[in-house]
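Here is a set of questions and answers on one protein chain. Keep the structure open while reading.

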Amino acid sequence: MTKNSGLVSPYGLEKTHKLTLGEKELLKLTNDIKLNGIKESIKYVIHNGKKYIVDGHHRAYVAKILKLENVFAEEVNLPYAGYKTIEDLLWVE
């Protein structure tokens, strides 16, 4: 279920896992976003004042590469996309 949606800074979104796309796929995504923008909103949950990404890690990464100031994002509730609890989100590099 979506709580809030709107424009947010990609720099304020916390990753919750490593990138899984290869270099070729990331380049393809980067070029697509450059030409067409981000087509699907990035989904996040808020915990302790931070926005943790639950869907859209690669889109957020590319937004930073392209130096986009804002992206469309939606706050959602857990469970979402395989994340059942907040502990599933807390990721250490």
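## Salt bridges, strands and cores

Q: Which side chain meets Glu40 in a salt bridge at 3.7 Å, N to O?
A: The model is predicted. Side chains of opposite charge can pair when their charged atoms come close. Here the salt bridge spans 3.7 Å, N to O, and the partner of Glu40 is Lys43.

Q: Is Lys43 buried or exposed?
A: Buried means under 20% relative accessible area. Glu40 counts as partly exposed, because its relative accessibility is 42%. Lys43 has a relative accessible area of 9%, so Lys43 is buried.

Q: Which residues are linked with Lys43 in a network of salt bridges?
A: Lys43 also meets the side chain of Glu74 in a salt bridge (3.7 Å, N to O). Lys43 lies in strand 3 and Glu74 in strand 5, so this pair ties together parts that are 31 residues apart in sequence. Both Lys43 and Glu74 are buried. The residues linked with Lys43 in the network are Glu40 and Glu74.

Q: Which residue pairs with Arg59 in a salt bridge?
A: A search of the whole structure finds four salt bridges. Arg59 is buried, with a relative accessible area of 14%. Its partner counts as partly exposed at 23% relative accessibility: Asp55. The Arg59 bridge spans 3.4 Å, N to O, and the residue it reaches is Asp55.

Q: Which elements do the buried residues of helix 2 pack against?
A: Helix 2 covers residues 57–65. Its buried residues are His57, His58, Arg59, Ala60, Val62 and Ala63. They pack against helix 1, strand 3, strand 4 and strand 5.

Q: Which residues does Leu26 contact, leaving aside its neighbours within four places in sequence?
A: Leu26 is in helix 1, residues 23–36. Its relative accessible area is 14%, so Leu26 is buried. Its C-alpha is 9.3 Å from that of Arg59, and the two are 33 residues apart in sequence. The contacts are Leu19, Leu21, His58, Tyr61 and Val62.

Q: Which residues make a nonpolar surface patch of about 250 Å²?
A: Tyr61 lies in helix 2. Its relative accessible area is 36%, so Tyr61 is partly exposed. The patch of about 250 Å² is made by Leu19, Tyr61 and Ile65.

Q: Which residue of strand 4 stands opposite Glu14?
A: Strand 2 and strand 4 run parallel, joined by two bridges. Strand 3 pairs with strand 4 in the antiparallel sense over five bridges. On that side, Val45 stands opposite Tyr52. The residue opposite Glu14 is Tyr52.

Q: Which residue has a positive phi in the turn of the hairpin of strand 3 and strand 4?
A: Most residues other than glycine have a negative phi. Two residues lie between strand 3 and strand 4 in this hairpin. The turn residue with a positive phi is exposed, because its relative accessibility is 70%: Asn48. Phi is about 50 degrees at that place, in Asn48.

Q: What phi does Lys67 take just after helix 2?
A: Lys67 is in the loop between helix 2 and strand 5. Its relative accessible area is 65%, so Lys67 is exposed. Lys67 is not a glycine, yet its phi is positive, about 60 degrees.

Q: Which residue is joined to Leu78 by a cis peptide bond?
A: Most peptide bonds are trans. This one has omega of about 0 degrees. The residue sits in the loop between strand 5 (71–76) and helix 3 (86–89): Pro79. Leu78 is thus joined in cis to Pro79.

Q: Which elements give two or more residues to the largest nonpolar core?
A: In soluble globular proteins, nonpolar side chains tend to be buried together. The largest nonpolar core has nine residues: Val8, Leu13, Ile42, Tyr44, Ile53, Ala60, Ala63, Val71 and Ala73. The elements giving two or more are strand 3, helix 2 and strand 5.

Q: How many residues does the other core have?
A: This core lies apart from the largest one. Among its members are Val45, Tyr83, Ile86 and Leu89. Its residues number seven.

Notes
Residues are numbered from 1 along each chain as its sequence is written. This is a predicted model: local features need pLDDT of at least 70, side-chain atom pairs count only at pLDDT 80 or more; totals for chains, interfaces and linings use all residues. Side-chain values use heavy atoms; hydrogens and water are left out. Helices (H or I, at least four residues) and strands (E, at least two) are DSSP runs, numbered from the N terminus. Buried means under 20% relative accessible area, exposed over 50%, partly exposed in between (1.4 Å probe, protein chains only). Contact means heavy atoms within 4.5 Å. Patches are made of residues with over 30% relative accessible area and no salt bridge: like charges are joined within 9 Å, nonpolar side chains (Val, Leu, Ile, Met, Phe, Trp, Tyr) within 5 Å. Accessible areas come from the Shrake-Rupley method with a 1.4 Å probe; for residues, only the protein chains shown count as cover. Two strands pair if DSSP finds at least two bridges between them. A nonpolar core is a set of buried Ala, Val, Leu, Ile, Met, Phe, Trp, Tyr and Cys residues joined through side-chain atoms within 4.5 Å.
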